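Biologist: Could you take a close look at one part for me, the largest pocket? I'd like to hear what lines it.

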Amino acid sequence: DPENRRKFTIYDSDSVGTVVGVVNASDADSGSNGDINFSLQDPSLPFEIDSKTGRIRTTEGVSGNEIDIVIHAVDSGVQPMTGTATYTVSVTSRTTTTGGGSALGSIAGVGVVSIFLIIAVIVIVALIVLLVTKRRERVKKKDRDPYQNGPDENWVLNGTKREKRNKKKGKGG
């Protein structure tokens with residue numbers, strides 16, 4: 001019954017040994033009688049299953065649209081109980097925009113280009129900040145108050161310069 005089938009998805013460019021998925025089964029028996037062992041009905045398929053964990057892996061490159069795999073589960077009871085389930089492995093392609101090569105190579109190429117672009121943007125921003133800072137320093141030097149760094153008698157804090165000079169000379173204010 002196709003509606004009851006479970007589905008896994010992998011890419012046609014996945015390497016050998018890629019985990020496709022994990023199947024589960026349960027048994028009400030306790031102890032070793034409840035241990036379940038998994039196996040594939042068709043060992044010629046490009047998959048293998050770990051008999052204890054139910055983890056399915058690829059054993060070779062996979063191509064095609066969908067591959068049905070039938071899995072048997074058997075418990076370790078005195079009178080073994082068995083079960084069977086059909087899983088569909090959907091094989092999809094990774095698309096590339098470079099016109100050739102592997103998808104992984106394309107992704108790596110995009111990563112390298114992105115790194116160079118990021119570095120270029122950082123360098124440009126740093127140069128702009130440096131130029132703006134230097135320009136501000138030049139403008140500050142031009143517009144600086146001539147009395148800002150001069151002697152104290154040029155500062156007018158309370159009153160006029162004359163009052164300040166008179167106070168210094170002891171003439172009072």
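Modeller: Here's a walk around that pocket, followed by a stop at a small sheet. First, a caveat: this is a predicted model, where local features need pLDDT of at least 70 and side-chain atom pairs count only at pLDDT 80 or more, while totals for chains, interfaces and linings use all residues. Residues are numbered from 1 along each chain as its sequence is written, and side-chain values use heavy atoms, with hydrogens and water left out.

The largest pocket comes out at about 190 Å³. A pocket here is an open set of points on a 1 Å grid over the protein atoms alone, where a 1.4 Å probe fits, with protein on both sides within 12 Å along at least five of seven lines; lining residues have an atom within 4 Å of a point. The volume is the space filled by probe spheres set on the points, which are joined across faces, edges and corners. There are 17 lining residues, and A25, I36, A73, V74 and G83 sit closest to the centre. Strands β3 (36–40), β6 (66–75) and β7 (82–92) each chip in at least two residues; strands are DSSP runs (E, at least two residues), numbered from the N terminus. β7 gives the largest share, five residues. By class, the lining has 10 nonpolar, five polar and two charged residues, with Ala, Val, Leu, Ile, Met, Phe, Trp, Tyr, Cys and Pro counted as nonpolar, Asp, Glu, Lys and Arg as charged, and the others, Gly among them, as polar.

As for the sheet, it's an open, antiparallel one of three strands, ordered β2-β5-β4; two strands pair if DSSP finds at least two bridges between them.

Key: Helices (H or I, at least four residues) and strands (E, at least two) are DSSP runs, numbered from the N terminus.
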